[in-house]
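Hi there,

Here is the structure I promised to pass on to you. Have a look at it first, and then read on for what turned up in it.

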Amino acid sequence: MAEPQSSAIATGPDPRGVRRARIEAARAELSAASERGDGGRQALKQYSHRMDAIVQQLFAEAGPLTQPVGVFALGGYGRRQLCLHSDIDLLVLFGGPIGSEDERFLHSFLNPIWDLGLTIGHHVREVQEGSNLAEDNPEFLLALTDARIVAGDATLLDEFTGATERTRMRKRTLDALRALIVERHARFNDTLYQLEPDVKEAPGGLRDLLGAQTIAKVTDPALLGQGGSGLRALDEAEEFLLRVRSILHLEAKRHHNMLSHELQERAAARLGFPGSTPRQQVERLMSDYFRHARAIDRSLRWALKAAPTPIGRNLVRSGDEIRFVDLRKAADQPETWLAAFQAALDGGCGVSDEVLACIQQHAGRFAPQDFFPSKTHRDALLALLKPRPGLYARLSEMHDYGMLGQMLPEFKAISCRVVRDFYHKYTVDEHTLLTIRNLERLLEAGPERERFGRLLNELEAPELLVLALLFHDVGKWRDDNHHVESARMARQMFERLQLDDHARGVVEFLVVEHLRMSVAAFRRDTEDPEVVRQFSELVGVEERLKMLCLMTLADVEAVSLETLTPWREDLLWRLYVDTYNHLTLSYGDEVIDPGQPAASALITDLIKQRPPDLSAKEIEAFLQGLPRRYLQLFSGDAVYSHVRRSRGLGPGAIQTWVERKDAEWELTVITRDQPFLFSNISGVLSSFGMDILRGFAFTKLDGLVVDMFHFSDQERFLEMNKGGDAQLIKVLEDVIRGKTDLAVRLKGREEGAFRRRLPGFAPVVHCDNESSRRFTIVEIVAENALGLLYRMSRAMSESGCEVDLVLIATEGQRAIDVFHLTRQGAKLSPEQQVELTTNLQRVLEGRP
Amino acid sequence: MKLVKAIVRPNKVDDVKNALEKIQISGMTVTEVRGHGKQKGHTAIYRGQEYNVSLLPKMEIEVVLPDSIVDDAVKAIIGAARTGEIGDGRIFVIPVGESYRIRTGEKEVF
């Protein structure tokens with residue numbers, strides 16, 4: 001492309017004069033084209049190109065750079081549709097923080113543009129500001145959709161926009177665009193039939209065309225070819241409007257876009273509309289104008305209606321389907337496929353046929369690790385497996401189209417596998433998927449299944465149950481001992497997915513033991529306490545019991561339509577309740593005695609694998625007298641940590657620490673027992689606004705206490721305050737040592753909590769002197785509220801009770817707490833139970 | 001001929017079936033039932049709340065036998081189903097007057 005000749009270049013070296021000559025030459029070139037009625041796309045592109053050269057020259061002359069800088073054209077300039085008197089919109093991006101040298105550079109760069117008489121709109125940003133881009137000014141986001149490099153470092157734009165969450169940014173851009181269109185149309189009374197239209201702003205004008213193009217660019221580049229007026233009509237409309245606009249700028253000698261009656265005549269003449277009179281020419285011009293405006297309007301309406309919603313990288317929702325924007329790109333990125341199914345589950349819709357066809361065509365090219373290149377992708381699989389309506393349907397699609405088997409080759413081994421027995425009516429793969437359907441149906445179960453549905457809602461990690469269900473029968477590719485083979489195959493998957501120890505433990509337990517509960521419930525005498533005791537020993541803790549119960553229910557039901565009868569459900573539920581009661585009410589009697597055969601295997605392992613700084617004797621001494629469920633609750637590393645922290649812990653000494661556990665927090669306290677200890681700990685957490693979700697307190701006969709609380713920090717105190725955990729621990733220690741009055745700290749919060757409390761269900765307080773040899777057990781089910789645990793445990797301590805063991809659980813809005821109490825070392829008498837129950841009811845009802 | 005109807009604990013069905021097979025009795029009908037006798041159900045507690053389990057799951061085994069082997073069958077059932085605890089179940093022996101084969105309509109009078 002040749003530069004127009006300029007006399008200034010030839011006559012002198014003054015850079016300002018050279019620049020002015022260049023801009024005047026460029027303007028003259030565009031003006032000439034506009035006069036001929038030829039100021040359309042090509043002429044504007046040429047003018048934009050001339051402007052680029054000037055900007056590049058100014059950038060080069062602005063002085064040395066201390067860091068990477070990029071200058072990007074935005075808006076109409078970015079689209080290379082710069083008109084004669086348009087603003088020149090620029091984005092100047094700095095790679096790092098902007099210092100004084102950079103400011104000097106900016107002055108040197110921008111001032112000459114002003115001197116040239118150009119109107120510039122400039123944004124100056126640092127790349128790191130891009131992380132918050134999704135929250136930026138919506139008009140800036142819109143301008144960014146046309147950004148292109150003019151001078152400097154081109155990569156900075158990708159860095160700038162890449163740091164933010166693209167889907168959110170796209171969605172916000174679209175929302176902003178829709179709002180701006182509505183607002184702009186309202187200014188024109190929502191009609192395109194204006195006698196003196198603004199060719200840029202009016203309905204059917206250039207902004208509407210740009211709006212339709214932007215919607216397509218952000219959602220689906222093929223959109224405008226699929227409906228509305230079609231690409232050709234839009235192309236013609238754009239060319240026409242740009243030519244008219246160029247004439248308007250030329251005639252008005254300023255940024256003017258209104259096609260007034262006077263300018264209509266001049267435009268009609270310049271554009272060569274036929275007619276013997278100016279009026280006839282104008283009529284033809286305006287007839288063409290309205291034809292093009294209607295075409296734009298139709299396409300914009302189509303785009304607004306049919307535009308898919310961006311929901312993820314290369315993913316959109318279109319109608320009731322999820323699809324890839326760019327199928328070719330998706331075909332080579334198997335790690336993105338899971339997101340399509342996740343989006344379908346989230347949106348309660350399906351995955352499009354073209355996505356499924358793409359997966360079917362390409363799945364065979366990939367190895368399992370290609371689906372999970374990072375932790376984010378591995379976590380995404382677990383997130384997908386959370387039971388909810390639609391999970392069976394999506395997993396079935398993944399299986400039918402070859403993705404599930406490529407991703408989890410163990411599952412492929414049972415594809416269409418037929419195992420003939422008296423009961424099963426479906427192939428092994430379908431039986432497996434049906435177990436997951438049965439599980440998801442529990443979430444919407446009627447009254448007859450509500451009890452099981454509630455268990456499912458209570459699970460902390462229901463996705464692990466689904467993962468276990470997926471693997472429980474994979475061993476059936478062989479004919480014998482399928483649960484052993486299934487577990488072996490599951491361990492392969494653990495390695496690939498890099499599951500943590502807890503998840504591995506849970507899934508392997510469920511896979512190996514998945515037949516045990518049906519055997520116990522349907523073939524053993526569950527009225528025999530020994531059967532329940534043995535089963536309790538197998539599951540160990542309530543979470544595993546709930547999972548195994550649900551797994552059994554789902555598994556039996558998936559055998560055939562007739563297998564799971566209400567009668568069997570009753571048997572299963574009875575075993576669940578009896579085992580649950582055993583686990584929560586009788587565990588206090590089952591304490592660790594390293595000499596006992598039942599405990600020896602676990603303790604032997606702990607001792608064998610101990611770190612060098614711990615002796616076997618030390619570990620045994622620590623464990624002696626703790627409830628046996630302690631060993632089920634803690635990993636080896638946690639036990640070793642407890643042993644270390646309990647070393648030489650005298651009266652009054654406290655070991656306390658706070659750790660983050662995903663979205664929750666965990667407080668552990670190891671100390672010596674003292675009156676009101678438990679209520680003080682729970683009260684301090686409440687005084688910081690923490691919502692205690694679950695936990696437990698163990699007290700050994702020698703007075704050593706191990707308490708652990710899981711809580712959510714709803715006010716984000718720990719997140720927002722550096723050192724907040726140390727502050728919490730300091731308050732806790734002060735309260736326990738009697739230096740701080742907890743009642744004063746809690747007063748305001750408790751009053752607020754009582755004021756906000758909604759009428760809920762009546763609290764249940766149940767005293768039990770039968771289930772444990774050593775303790776009176778108090779079970780409390782009440783509406784969860786701030787400070788509830790503190791008030792209950794305080795009432796117990798005030799009634800002279802020692803709180804020896806506690807299990808804390810929160811299920812939805814219900815707090816379910818089990819306290820093991822003694823009074824002066826013995827169980828509570830009937831009179832003492834009545835007195836305590838009365839006190840607790842009073843506290844729970846908020847009475848003084 | 002007699003109809004022997006035994007109500008037993010669910011976990012005892014296989015034992016009863018095996019005991020009857022040992023004395024060459026193989027045809028039988030097994031049904032899941034709920035009910036209570038002297039056991040009268042019991043009160044269970046779940047999460048501090050009491051609920052009454054009035055109808056307990058049981059299995060009903062029905063077998064029609066010639067009079068000559070009824071006593072042996074009853075002994076076999078008792079031997080297999082007995083735990084000595086409340087809730088072991090009941091056996092009823094009922095006279096059968098006549099029977100019909102559905103396929104042929106043939107009547108058999110005893």
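Let's start with two helices of chain A. From H29(A), the residues Glu542(A), Leu545(A), Cys549(A), Thr552(A), Leu553(A) and Val556(A) meet a set in H30(A): Arg568(A), Leu572(A), Tyr576(A), Thr579(A), Tyr580(A), Leu583(A) and Thr584(A). Sorted by class, this contact has eight nonpolar, three polar and two charged residues. Please keep in mind that this is a predicted model.

How are the two helices arranged? Packed helices are described by the angle between their axes and the distance between the axes. For H29(A) and H30(A), the angle is about 170° and the axes are 10 Å apart. With an angle over 145 degrees counting as roughly antiparallel, H29(A) is therefore roughly antiparallel to H30(A).

Now for the inside of chain A. The largest nonpolar core has 86 residues, and Ala340(A), Ala468(A), Leu510(A) and Leu550(A) have the most contacts inside it. Helix H29 (residues 542–557) of chain A gives this core its largest share, nine residues. A second, separate core has 78 residues, including Leu44(A), Cys83(A), Phe105(A) and Ile215(A). To see one of the well-connected residues, find Ala468(A): leaving aside neighbours within four places in sequence, Ala468(A) is in contact with Val507(A), Leu510(A), Val511(A) and Met551(A).

Further along, Asp593(A) sits in the loop between helix H30 (566–585) and helix H31 (597–608) of chain A. Asp593(A) counts as partly exposed because it has 16 C-beta neighbours inside 10 Å. Leu626(A) is 33 residues away from Asp593(A) in sequence, and their C-alpha atoms are 8.4 Å apart in space.

Chain B is worth a look too. Four of its strands form an open sheet in the order S2-S5-S1-S6, with antiparallel pairing. S2 and strand S6 (89–95) of chain B are at the edges with a single partner strand each, so one side of each has no neighbour in the sheet. From one strand to the next, the twist averages 20°. Strand S1 (residues 2–8) of chain B is joined to S6(B) by seven bridges, and Ala6(B) has Ile91(B) as its bridge partner in S6(B). Helix H2 (residues 67–81) of chain B lies across S1, strand S5 (56–65) and S6 of chain B, at about 5° to S1(B).

Finally, where do the chains touch? The contact takes 18 residues from chain A and 14 residues from chain B. On the chain B side, S3(B) gives the most, with three residues.

Enjoy exploring!

How values were computed:
Residues are numbered from 1 along each chain as its sequence is written. Chains are lettered from A and ligands numbered from 1 in the order in which they are written. This is a predicted model: local features need pLDDT of at least 70, side-chain atom pairs count only at pLDDT 80 or more; totals for chains, interfaces and linings use all residues. A nonpolar core is a set of buried Ala, Val, Leu, Ile, Met, Phe, Trp, Tyr and Cys residues joined through C-beta atoms within 7 Å. A residue is buried if 20 or more other C-beta atoms lie within 10 Å of its own, exposed if 12 or fewer, and partly exposed in between; C-beta atoms are placed from the backbone. Two residues are in contact if their C-beta atoms, placed from the backbone, lie within 7 Å. Axes are lines fitted to C-alpha atoms, for helices over the stretch in contact, and angles run from 0 to 180 degrees between N-to-C directions. Angles under 35 degrees count as roughly parallel, over 145 as roughly antiparallel, 65 to 115 as roughly perpendicular and the rest as oblique. Ala, Val, Leu, Ile, Met, Phe, Trp, Tyr, Cys and Pro count as nonpolar, Asp, Glu, Lys and Arg as charged, and the others, Gly among them, as polar. Two strands pair if DSSP finds at least two bridges between them.
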